[in-house]
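Subject: Structure handover and notes

Dear colleague,

I am passing on the structure we spoke about, with my notes underneath it. Please open the structure alongside the text, since the notes go through it residue by residue.

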Amino acid sequence: MPVEHSSVDEIYTEGDALYRAMCAAIQRARRRVDLEVYIFECDELGQRFVHALCAAARRGVRVRLLVDAFGSLWGVPARVERELLAAGVAVRRFHRWRWRSPLRYNRRNHRKLLLVDEESAFMGGFNIHRLSSRELYGEARWRDTHVRLGGDLVRQASESFELFWQGRRERHLPIRLSAEQVLLSNHNLYARRRLRRVFDAALNDARRRIWLTNPYFVPDHRMQGRLVRAARRGVDVRVLLPGKSDVRLARWASHAAYTRLLEGGVRIYEYLPRMLHAKTAVVDGDWASVGTSNLDYRSVFLNYEINLVSRSATLCAALEQQFLADMTQSEEIPAERWGRRHWGHYAAEAIGWWARRWL
């Protein structure tokens, strides 16, 4: 049996570098370009992608664009969709609003995935909007993480994209969880439970450290319990969260979990310079995850997500180094100070926790 080769060829923490690499890959494409994204804004940055996609389609490349109907509701206006279609780009909006099935509109495609030929794939937390570009948005641009994949991971990404493009999410993808690196989607109930089991196992098996970075951190009671139990058995558990959030209600909901975690020995840090949107995890320096999943109710039970789970020493080391760099620009939340917060915070936390299933 041939040995499968999977690789992470590049890690991106700056949007400008990522977007240049993505557009360059699209410009080099000869056979196919598949782009799947939650938020696609036709601002200055989005227009670059529109032009690149149209140019690729005009030179004979098969180009498909899948955007979420909610996330890109205003981002891809009808005139831009007509421009794409006229150039030969196939465009679909995931879960358009339908009066006969209104609840499906709440099941959003939160994935971010670009496939170019059979050579490379890009995935992670970056959407396509100017908020993530230093050139366009300045020093306040969002802090995020994306990776470029090679080898067998490109095939896995391609199979996952096809399920969503064809609307065949009931299918099971053959996944070898023993592989050094694997892409895990939650496209159906079985896959959703598998992804949750993989994360639970990593937390349960941790012996030295658990370092999590997440923008919308609203862990359920089970996840809170796993983190607290790890901290109490001597694991260095640190959670890096945004000090500035674009969704105030989500920040309130996140604060509702602080008390139990801090009292249980979990260390919480808030990133201060700008909006933190990265979704990464590193456990014991030999297990890592990069992807689109937030640690909240929506990602666990409603949204469609995709994550790279890896035991690559190179990737783990790079993510740990980035985590430590982010911590130098963060403030730790002391348990004793948190216990003395203003009474108004309690009311906000209660509201956020009550609304957590709709954030």
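I begin with a charged pair: Arg 209 and Glu 320 form a salt bridge in which the closest N and O atoms are 2.6 Å apart. This pair links distant parts of the chain, with Arg 209 in strand β9 (residues 209-213) and Glu 320 in helix α11 (residues 313-327), 111 residues apart. Glu 320 has a relative accessibility of 13%, and because buried means under 20%, Glu 320 counts as buried. Please keep in mind throughout that this is a predicted model.

Salt bridges

In total, the model has 30 salt bridges. As background, side chains of opposite charge can pair when their charged atoms come close.

A second pair to look at is Arg 141 with Glu 14, whose closest N and O atoms are 2.5 Å apart. Arg 141 sits in the loop between α4 (134-137) and β7 (146-151), while Glu 14 sits in the loop between β1 (6-12) and α1 (15-28), so this salt bridge ties together parts that are 127 residues apart in sequence. The two partners can be set side by side: Arg 141 is buried, at 5% relative accessibility, whereas Glu 14 is partly exposed, with a relative accessible area of 27%.

The third pair is Arg 64 with Glu 162, and here the closest N and O atoms are 2.5 Å apart. Arg 64 belongs to strand β3 (residues 62-68) and Glu 162 to helix α5 (residues 152-166), so the pair ties together parts that are 98 residues apart in sequence. Arg 64 is buried, with a relative accessible area of 7%, and Glu 162, at 19% relative accessibility, also counts as buried. Both residues belong to one network, in which salt bridges that share partners join Arg 32, Asp 34, Arg 62, Arg 64 and Glu 162.

Helices α2 and α3

The axes of helix α2 (residues 44-58) and helix α3 (residues 78-87) come within 8 Å and cross at roughly 20°. An angle under 35 degrees counts as roughly parallel, and α2 and α3 are therefore roughly parallel to each other. On the α2 side the contact involves Gln 47, Val 50, His 51, Leu 53, Cys 54, Ala 57 and Arg 58, which meet Arg 79, Val 80, Glu 83, Leu 84 and Ala 87 of α3. Sorted by class, this contact has seven nonpolar, two polar and three charged residues.

Leu 84, in helix α3, is worth following further: the residue is buried, with a relative accessible area of 1%. Leaving aside neighbours within four places in sequence, Leu 84 is in contact with Val 50, Leu 53, Cys 54, Leu 65, Val 89 and Val 91. By contrast, the C-alpha atoms of Leu 84 and Val 237, 153 residues apart along the chain, are separated by 47 Å.

Nonpolar cores

Leu 84 also appears in the largest nonpolar core, which has 37 residues, and in which Phe 40, Phe 49, Leu 53 and Leu 84 touch the most other members. The elements that give two or more residues to this core are α1, β2 (32-37), α2, β3, α3 and β5 (113-116), and among these α2 gives the most, with eight residues. Phe 49, again leaving aside neighbours within four places in sequence, is in contact with Tyr 19, Met 22, Cys 23, Ile 26, Phe 40 and Ile 128. There is also a second, separate core of 33 residues, which includes Met 223, Tyr 258, Val 283 and Val 309.

Helix α8 and its surroundings

In helix α8 (residues 248-255) the buried residues are Ala 250, Ala 253, Ser 254 and His 255, and they pack against β10 (236-242), α9 (258-263), β11 (267-271), α12 (335-338) and α13 (343-354). The axes of α8 and α13 are 7 Å apart, and the two helices pack at an angle of about 105°. Angles of 65 to 115 degrees count as roughly perpendicular, and α8 and α13 are therefore roughly perpendicular to each other. Their contact is made by Leu 249, Trp 252, Ala 253 and His 255 of α8 together with Ala 348, Glu 349, Ile 351, Gly 352 and Trp 353 of α13. By class, those residues divide into six nonpolar, two polar and one charged.

With best wishes

How values were computed
Residues numbered from 1 in each chain as written. Predicted model: local features only at pLDDT ≥ 70, side-chain atom pairs only at ≥ 80, totals over all residues. Heavy atoms only, no water. Salt bridge = Lys/Arg side-chain N within 4 Å of Asp/Glu carboxyl O. Helix = DSSP H or I, 4+ residues; strand = E, 2+ residues; numbered from the N terminus. Buried < 20%, exposed > 50% of the residue type's maximum accessible area, 1.4 Å probe, protein only. Contact = heavy atoms within 4.5 Å. Axes fitted to C-alpha atoms, helices over the stretch in contact; angles between N-to-C directions. Parallel < 35°, antiparallel > 145°, perpendicular 65-115°, else oblique. Nonpolar A, V, L, I, M, F, W, Y, C, P; charged D, E, K, R; others polar. Core = buried A, V, L, I, M, F, W, Y, C linked by side-chain atoms within 4.5 Å.
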